Amino acid sequence: MKSLRVFVVGAGLGGLAAASCLRRSGFDVTVFEQAAALGEVGAGVQIGPNAVRVLHQIGIKDGFEKVAVRPISLDVRDWETARIINTITLGDTYEARYGLPYYHVHRADLHTLLADAFEAVAPGCIRLNAKCIGLEQLNSEVRLTFDDGTSAVGDVVIGADGIHSSVREALFGPDNPHFTGMVAFRGTVPLNRLPPGLIECKGYNWSGPHHHFVHYLLKGGSLVNCVGVCDQDDWRVESWSVEGDMDEFRNECTGLHDTIQALIGGMDSCFKWALYDREPLAQWSRDHTTLLGDACHPMLPFLAQGACMAIEDGYVLAHCLRTHDSVAAGLKAYETIRLPRVSRVQLGARERGKTLHMSDPKAMAKRNAQNAADPAMRAREMDWIYDHDVAAEYGVLNEPQPASR
């Protein structure tokens with residue numbers, strides 16, 4: 001039987017991780033990316049042990065550890081007084097608990113590693129300037145059409161083209177996201193612009209009514225990634241690449257702790273995007289086409305699992321196509337395995353956002369008291385996410401395997 005020709009639409013973190021997993025499973029993989037050059041929008045991304053397992057399997061362990069930062073803890077603090085509400089110990093404690101550490105990494109660094117890993121097993125198989133504008137099922141094949149007038153025919157199409165997925169729209173029509181009333185500002189600060197010792201090798205989450213502010217180190221500790229989220233109903237643009245107004249960002253954080261003021265004061269610019277929420281999809285696949293990552297389960301960032309879930313998706317998808325007798329059966333198995341897990345994460349992120357942005361003083365006091373009484377509670381709540389071991393459950397992908405059809 002012939003090797004499947006698998007087309008991955010989108011060369012983001014999830015698409016490239018999936019492409020490596022699929023190629024190492026023996027499939028003929030091509031990635032189509034609409035941009036003129038490979039790159040990644042954004043700055044920091046948090047990678048839990050569940051996704052680190054996949055990165056090891058696709059051969060980027062050493063490179064990843066060189067560019068990533070391993071925080072020693074996550075400190076949740078009151079964002080006016082800096083009082084510690086809760087501390088989750090990471091570092092060696094997480095490695096002992098889950099078998100692998102928790103990391104912070106610049107998205108561009110991880111993206112480069114994933115692109116290089118795919119190129120190593122499938123040289124020349126990333127096609128740029130390839131914006132997908134059409135999808136047609138042809139019996140047992142799928143035709144993609146692109147905005148430059150070209151087309152390509154393959155056996156399987158994977159829509160990994162993000163939150164505004166053209167593949168999802170072709171399969172199921174436009175989505176109907178709900179604006180959460182939250183807006184995020186994002187920026188970075190070179191560490192050498194800040195007072196010495198102000199920022200440790202930790203994750204920080206400053207919590208207050210209607211707001212929270214997250215920051216952590218990137219680039220070997222030389223850069224601070226910052227994200228401030230506030231309740232705001234007058235901005236509806238869902239894009240990571242729209243430049244924000246620094247004066248507006250400063251005004252949102254007026255009166256908050258000096259550390260936050262110093263971080264914002266050290267920024268040259270920021271980006272602003274509206275946070276939308278979506279209900280879990282009931283179906284991802286149709287015929288020989290399926291979805292992956294943000295294309296099928298875009299989630300709010302409050303569990304820091306968006307990229308991690310997309311990376312897991314690719315591993316499970318490769319396993320299902322490799323171990324089933326038909327494409328339809330493989331895609332059905334993939335959907336059946338992944339839907340319950342990612343839907344639970346989606347809904348969990350929604351609930352965590354409500355917890356973070358409490359404004360009722362009594363409710364906030366109760367939340368903080370629970371954290372103080374049981375400091376390990378937050379860590380236990382994540383066990384079901386971080387304990388998940390795709391390699392143990394679905395087999396290793398250390399060496400490319402021949403396709404079975």
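## A walk through the chain

At 0% relative accessibility, Val183 counts as buried, because the cut-off for buried is under 20%. Val183 sits in strand β12, which covers residues 178-190. The model you are looking at is predicted. Now compare Val183 with Ala373. In sequence, the two are 190 residues apart. In space, their C-alpha atoms are 31 Å apart.

Step back to the whole chain. How many helices and strands does the chain have? It has 14 helices and 17 strands. The radius of gyration is 21 Å. The globule rule gives 22 Å for 405 residues, and the chain comes close to that, so it is as compact as a globular protein of that length. Along its principal axes, the C-alpha trace spans about 65 × 45 × 40 Å. Buried residues account for 55% of the 405 residues. Val183 is one buried residue.

Contacts also tell us how the chain folds back on itself. Take the contacts between residues at least 6 apart in sequence. Of these, 75% join residues at least 24 apart.

Next, look at some helix pairs. Begin with helix α1 (residues 13-24) and helix α5 (residues 107-121). Their axes come within 9 Å and cross at roughly 25°. Angles under 35 degrees count as roughly parallel, so α1 and α5 are roughly parallel to each other. The crossing of α1 past α5 is left-handed. From α1, the contact uses Leu13, Leu16, Ala17, Ala19, Ser20, Arg23 and Arg24. From α5, it uses Arg107, Leu110, His111, Leu114, Ala115, Ala117, Phe118 and Val121. Sorted by class, this contact of α1 with α5 has 10 nonpolar, 2 polar and 3 charged residues.

Move on to helix α9 (residues 306-323), which packs with helix α2 (residues 49-57). Here the angle is about 45°, and the axes are 9 Å apart. How are α2 and α9 set to each other? They are oblique, because an angle of about 45° falls outside the ranges for roughly parallel, roughly antiparallel and roughly perpendicular. The crossing of α2 past α9 is left-handed. On the α2 side, the residues are Asn50, Ala51, Val54, Leu55 and Gln57. They meet Cys308, Met309, Ile311, Glu312 and Tyr315 in α9. By class, the contact of α2 with α9 has 7 nonpolar, 2 polar and 1 charged residues.

Helix α9 has another partner, helix α10 (residues 327-356). These two pack at an angle of about 155°, with their axes 8 Å apart. That makes α9 roughly antiparallel to α10, because angles over 145 degrees count that way. The crossing of α9 past α10 is right-handed. On the α9 side, the contact is made by Met309, Glu312, Asp313, Val316, Leu317, Cys320 and Leu321. On the α10 side, the contact residues include Val327, Tyr334, Ile337, Arg341 and Val345. By class, the contact of α9 with α10 has 12 nonpolar, 1 polar and 4 charged residues.

Pause at Arg341, which lies in helix α10. Is Arg341 buried or exposed? At 11% relative accessibility, Arg341 counts as buried. Which residues does Arg341 touch, not counting residues up to four places away in sequence? They are Asn50, Met309, Glu312, Trp384, Ile385 and His388. Some of these names have come up already. Asn50 belongs to the α2 side of the contact between α2 and α9. Met309 and Glu312 belong to the α9 side of that contact. Met309 and Glu312 also take part in the contact of α9 with α10.

Last, visit two loops. What is the phi of Ala82? Its phi is positive, about 70°, although Ala82 is not a glycine. Ala82 lies in the loop between β4 (73-78) and β5 (84-89). With a relative accessible area of 14%, Ala82 is buried. Now find Ala304. Its place is the loop between β17 (289-291) and α9. Ala304 has a positive phi of about 55° and is not a glycine. Ala304 is buried too, at a relative accessible area of 18%, because that value is under 20%.

Notes. Residues numbered from 1 in each chain as written. Predicted model: local features only at pLDDT ≥ 70, side-chain atom pairs only at ≥ 80, totals over all residues. Heavy atoms only, no water. Axes fitted to C-alpha atoms, helices over the stretch in contact; angles between N-to-C directions. Helix = DSSP H or I, 4+ residues; strand = E, 2+ residues; numbered from the N terminus. Parallel < 35°, antiparallel > 145°, perpendicular 65-115°, else oblique. Left-handed = near helix turned anticlockwise from the far one by under 90°. Contact = heavy atoms within 4.5 Å. Nonpolar A, V, L, I, M, F, W, Y, C, P; charged D, E, K, R; others polar. Rg over C-alpha atoms; globule rule 2.2 N^0.38 Å. Buried < 20%, exposed > 50% of the residue type's maximum accessible area, 1.4 Å probe, protein only.
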